[in-house]
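Here are my comments on the model, set out as numbered points for discussion. Please read them with the coordinates open.

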Amino acid sequence: MSECLHQGDSKVPATPVPLRRNRRFQTLWIGAAAANLGLEAVEVAYPLLIMSLTGSPALAGLFGFAQIGTALLVGLPAGAVVDRWDRRRILLISEAVRALTLAFIVLGLTAGWANFGLLILAAIVLGAGTAFGAPARMLLIRAVVPDHQLTAALSQDEARSGAAALAGPPLGGALYLVSRTFPFVAAITGFVISFACALVIRLPAAEKPTEPVSNEPVSAEPKSALAPLTTAFSGLLELISDRLLRSALLLISIFYFSITAAILMVMVTLRDQHHSPGTIGLALSGTAVGMLVGSALVTRLNRLLSPGALLLTASTLTTVAVALLALPLGPVWVFAMLTLAALGLPALKILVDIMIFRQTPDHRRGRAIAATITLIGAGSPLGSLVGGLALQFLGVTGAIALIAGVQAVITAAGLASRHVRSARWPA
């Protein structure tokens, strides 16, 4: 899932400083853009490298499962830690660890001793780094941007994610064509730039993480050394206690399940059709194009559709698009179907924002962000694992039919749910 959450606008100061002149935010944005571009580029290289080493689509899927699964497993306690520790320092450690991990992979490839075991170990470390880095970066954005500019700032952050998703896959495919190590070098460069940008910013003194000052009872925020562990699940429990939110998060999670599995299937299919890594990367950029087009439609969709209708429309589009990927019509067709499948994603992200995060206080935002990433992102590692196994044992057509069938069942369940159909935007 993306790292952006939108907040309501507060009272605007008499002479607000334009967002483009907010050096702290723009520095963070540059670092995030560099890291995202590198990540998107190297995501193309992982399955191609694993299949070249092992010849197994299932093992390629297992890598994605290990990386994303670790991020989700570590995510809840990471959110509690981010709420209490220095967020800038956490981001610096995360970027340094991820850069060093990828450097170790490059060293292994260069020396000739890289193997699947090394890559799985790297996946676990990278996933843990993401679990800490993602909420830390989001909370830093909130710390350096005034309330009245948060929507604009996070919209710019969303544009950064979409642009990286658009440029990264073809860049990664082209770099891999030149050398297997080049996509990893690109990702290392992105993390180094992100580290440098986080290093030079300084948080306003008033915005450093502090203990809550509300009227909550002292027991609500344990002060013991085990506080991060005892509070880790509070954000998760708060979200799943609401029936509508449970339904919404399930639908969005299945969306990520289907998209992740579909991307793996597409890569295997296009590779078997003897298309180049660069062409595969261009085909995968359809997801980013769908996100960018969908971003332009968010305001209109939110005005025309209720939350339930929006969820069900996006889920239906994904079901149809994934099913149509079974037609072996080449990279252009794959690009078009991935575009269609991703059209509803930006609106779904803002739906989650409006229904969950608008009223979240600062001292619980880390847990709220981590819980949402966990619930929404749970579909991605399952999609990677199930997609790889389905390709291994059912073939491309059978695997696509399975994933489209799962998406269709969840869509039908949403249509049958009164709580989903009758959902309304909060006042």
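1. In this predicted model, the aromatic rings form 4 pairs. The pair of phenylalanine 104 and tryptophan 113 has ring centres 5.4 Å apart and planes at 55°, and it is therefore classed as tilted, since an edge-to-face pair would need an angle over 60 degrees. Both partners are partly exposed, phenylalanine 104 with a relative accessible area of 43% and tryptophan 113 with one of 39%.

2. The rings of phenylalanine 255 and tyrosine 256 have their centres 5.6 Å apart, and because their planes stand at 90° the pair is edge-to-face. Here the surroundings are buried for each residue, with a relative accessibility of 3% for phenylalanine 255 and of 9% for tyrosine 256.

3. One aromatic cluster is formed by Tyr46, Phe63 and Phe184. Phenylalanine 184 deserves a separate look, as it is also listed with Leu102 and Leu325 among the residues that have the most contacts inside the largest nonpolar core, a set of 53 residues. Once neighbours within four places in sequence are left aside, phenylalanine 184 is in contact with Val42, Ala45, Tyr46, Leu49, Leu102, Ile105, Val106 and Leu109. Apart from the largest core lies another one, of 22 residues, which includes Ala248, Met291, Leu311 and Ala341.

4. Which residues make up the nonpolar surface patch of about 320 Å²? The patch is made by Val320, Leu324, Leu327 and Leu329. Valine 320 belongs to helix H12, which covers residues 307-324, and with a relative accessible area of 41% valine 320 is partly exposed, because that value falls between the limits of 20% for buried and 50% for exposed.

5. As for the overall description, the secondary structure of the protein consists of 17 helices and 0 strands. Of the 427 residues in the protein, 55% are buried, while the exposed surface comes to about 17800 Å², with carbon and sulfur atoms supplying 68% of that area. When contacts between residues at least 6 apart in sequence are considered, 87% of them join residues at least 24 apart.

Definitions and conventions:
Residues numbered from 1 in each chain as written. Predicted model: local features only at pLDDT ≥ 70, side-chain atom pairs only at ≥ 80, totals over all residues. Heavy atoms only, no water. Helix = DSSP H or I, 4+ residues; strand = E, 2+ residues; numbered from the N terminus. Buried < 20%, exposed > 50% of the residue type's maximum accessible area, 1.4 Å probe, protein only. Contact = heavy atoms within 4.5 Å. Areas by Shrake-Rupley, 256 points an atom, 1.4 Å probe, with all protein chains shown as cover. Patch = residues over 30% accessible without salt bridge, like charges linked within 9 Å, V, L, I, M, F, W, Y side chains within 5 Å. Salt bridge = Lys/Arg side-chain N within 4 Å of Asp/Glu carboxyl O. Core = buried A, V, L, I, M, F, W, Y, C linked by side-chain atoms within 4.5 Å. Phe/Tyr/Trp six-rings, centres within 6.5 Å; stacked < 30°, edge-to-face > 60°.
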